[in-house]
Amino acid sequence: GLFVTDYFTRTPRKLSSFRSFASIELFHFHIPEDTVIAVWNLITFKEQGGTFGDQCPDRSITVYFRSGAPSVINPLHTHFPRDTAIPGSFALTLTWTLPNRTTGVFNVSSPLPGDWFLAAHLPKDEGKISVKGLYEECQYLFQPQLIVQRLVNVAVLYPGYITEQRMAPHNRSCLYKVFVPSYTSRVLVEVLQCRGAEGCPLWLRVRAKAPPLHNSTALDCREHDPCRLALDLPFWQHWYYVLVEKHPGVPGTVSFQVTVQLTDCSRPSLARPPFLTSSSSMPHSFGSAGGLMLEDSPPPTSPNGTKHLAPITSSTGERCWPIRPTLRNELDTFSVHFYIFFGPNVSVPPDRPAVFVINLLPVLDSGGVLNLELRLNVSSLCGENVTVFGCLNHEVPLTSGDNTSVTCETEHLAGFLLSVNATASLSRLRIPYPQTGSWYLSLRSLCATEHGFESCTNVTAEVYLRAYLSPCINDCGMYGQCKLLRTNNYLYAACECKAGWNGWGCTDNAEAFSYGFQLLSTLLLCLSNVMFVPPVAIAVRSHYLLEASVYIFTMFFSTFYHACDQPGIVVFCIMEYDVLQFCDFLGSLMSVWVTVIAMARLQPVVKQARAGNGHVLYLLGAMLLSMALQMDRHGLWNLLGPSLFALGIMAIAWTARTIQRRHCYPPTWKRWVFYLCPGALIAAAAVLLYAFVETEENYFYIHSIWHLLIAGSVGFLLPPRAKPSGRMGPLPRRKGCGYQLCVNEQEELGLVDPAVASINSICTS
């Protein structure tokens, strides 16, 4: 056949350490029909500071693959919520072959068409809290690329017609496909008139949705005459691929005929009439079938074959029952309710099942959780020991001829089993990230006896049925937050757990914080701000009223910010979280700013504007800090920038005084030994703890120590109050407005409050 190669790529994305599904990177691909091979090229590289990260450590990268919906992964081996079905997926771990780059290849032969999802993440880290911008962070970027090779013009088999084929010596196989409509209970593929050098040296393979593989349903035509392959309960509204393959080493040409017959389960004694198989619901790739709707229309002609009507034989099959549709009611994103007509209470008769269909829209519904709930009305059993079984199957309802069977699986069909009886009257099922399409629920009632289950007589059970789509399982519970995430144009939801809880629905409490620990952590972070009371008292006593008000502001908002920032249930918020966080960060930076400006002891003409008697530098600092916090609240330079600028002002002021006085400023050794050096050491220790020691596990007590150290350093670094008594020797200054401006000598020595000195040092000329 003719092959066409398609190429798809995605933009590189930065990978994160795994904490929950909300921390993974999800990639969405679409594989076309008739694809024979798909090759994913997985490119990973390191970056550090805008360059290749040769010095970055090698961290393994795990990639998950799944068709139809995102993978439900559990790398931390946590517990899933009860009644949760976990769909399978394939995982691949990439290792590094070069210092800064590695490439992995993942091949899938005959992949299922439609949506494919890749999820990638780094291993869980140690939980260190790093300050943004402190050092160049190692980044691991992941870029998947997809190359698909698909067949063009695959020959189509039409039910009830014979296709003749001659397989040349250089050919090994012939591929066909047939469309299976709804209400089909059996697909019968038959090879006729097979002639070759060694009898019928052919293999007959059949597979749904994609070309067959070596492990697909197969039949050796040399050992079976006639060569017939039957598939019960085929998937509805899908292509089935038929591969006729020649045995290796067979010489010469092999000629044969192939035909397909479909059994209509609504009429199990009859096969479907030729070419009247719900043509209106066939895909566009069916060719010209869309225009053939009349019984007398001729069948289309396929290459290398002549068609004539195959004999339609009577075939017994399973009977399918009427399927009741559901009404889709969309409330919000991933919030959809499926209502049953004349429900939600449904009657399950004893002689036949009740079948319902739930249609999930492609792509749109695969990012949530499909929930199913059955509740038995015990009063409707009339004292009988009745059990109602429910089978949820994808793309085809399970109807078994054995009425006593309680399984929901066959050789080619998987399903989920629910059961309710008088003892356990409630049953739930949750399917995270369900595959889209049609889901069929079959309900039937059986009576329990000594020999197992048997058909009931004259008992119609009544069941309350509820089916709905939700973003997360139970809204992630009390210790989680359901987040709506997006990758390009695909939406999905995932839980982000807190307070040590883990799991898909935040229900795994193996590492959960106890209530006592949560209360202790909250009290530590909140009450440690009480350490600001001594600096406030010192500032008020020294007449630093503006500084005292800033410290009170910081103490208040830091206390209530940490009371609102707790991960558990010990939470108290007086305002919105964002407002409290902004005020806490602003107060912390303003405390550093006003303390350093006070230590600079600027002259009144610089520190105060005479016109408005306002503090120019204080106001300027507040405006600049507010702007910086609005730009990047967690940036390193939001803390270092204003602090270094204020320290620069203080250094310039102290240097000017040292040059003017020709003596080190402050001049007294007691000020250095008992105040400045201890305060600087305490502040440096606080910064080191904050930047290098703090992790998620020790955050509660390390950050509390940070509060204590910062508040303590302010008490040491704040200049002392003024002492009016003593020598007031005025220094000559220029005259102005009839007054001679004088400066207190003690102010020059850094021993008094400049505000007091400015009042007591005005001398009449």
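## A tour around helix α3

Helices α2 and α3, the pair to select at the outset, are roughly antiparallel to each other, since an angle over 145 degrees counts as such and their axes cross at roughly 165 degrees. The model you have open is a predicted one.

With α2 (residues 533–541) and α3 (residues 545–564) selected, you will find that their axes come within 8 Å and that the crossing is left-handed. Now show the side chains at this contact, where Val533, Pro535, Val536, Ala539 and Val540 of α2 meet Leu545, Ala548, Tyr551, Ile552 and Met555 of α3. The residues of this contact divide into ten nonpolar, no polar and no charged.

Next, keep α3 in view and add helix α9, which covers residues 699–717; the axes of α3 and α9 come within 13 Å and cross at roughly 175 degrees. That angle makes α3 roughly antiparallel to α9. From α3, select Tyr551, Ser558 and His562, and from α9 select Tyr699, His703, His707 and Val714, which together make the contact. Here the residues divide into three nonpolar, four polar and no charged. Tyr551 of α3 thus appears in the contact with α2 and in the contact with α9.

Finally, turn to the annotated spans: an unreviewed UniProt entry places the feature "transmembrane region" at several stretches, including residues 544–563, 579–600 and 699–718. Selecting residues 544–563 shows a span that is 95% helix and 0% strand, with its end C-alpha atoms 29 Å apart. Residues 579–600, by the same kind of selection, are 100% helix and 0% strand, and their end C-alpha atoms lie 31 Å apart.

Note on methods:
Residues are numbered from 1 along each chain as its sequence is written. This is a predicted model: local features need pLDDT of at least 70, side-chain atom pairs count only at pLDDT 80 or more; totals for chains, interfaces and linings use all residues. Side-chain values use heavy atoms; hydrogens and water are left out. UniProt positions are given in the numbering used here, feature names are shortened, and annotations may be inferred rather than shown by experiment. Helices (H or I, at least four residues) and strands (E, at least two) are DSSP runs, numbered from the N terminus. Axes are lines fitted to C-alpha atoms, for helices over the stretch in contact, and angles run from 0 to 180 degrees between N-to-C directions. Angles under 35 degrees count as roughly parallel, over 145 as roughly antiparallel, 65 to 115 as roughly perpendicular and the rest as oblique. A crossing is left-handed if the near helix is turned anticlockwise from the far one by less than a right angle, and right-handed if clockwise. Contact means heavy atoms within 4.5 Å. Ala, Val, Leu, Ile, Met, Phe, Trp, Tyr, Cys and Pro count as nonpolar, Asp, Glu, Lys and Arg as charged, and the others, Gly among them, as polar.
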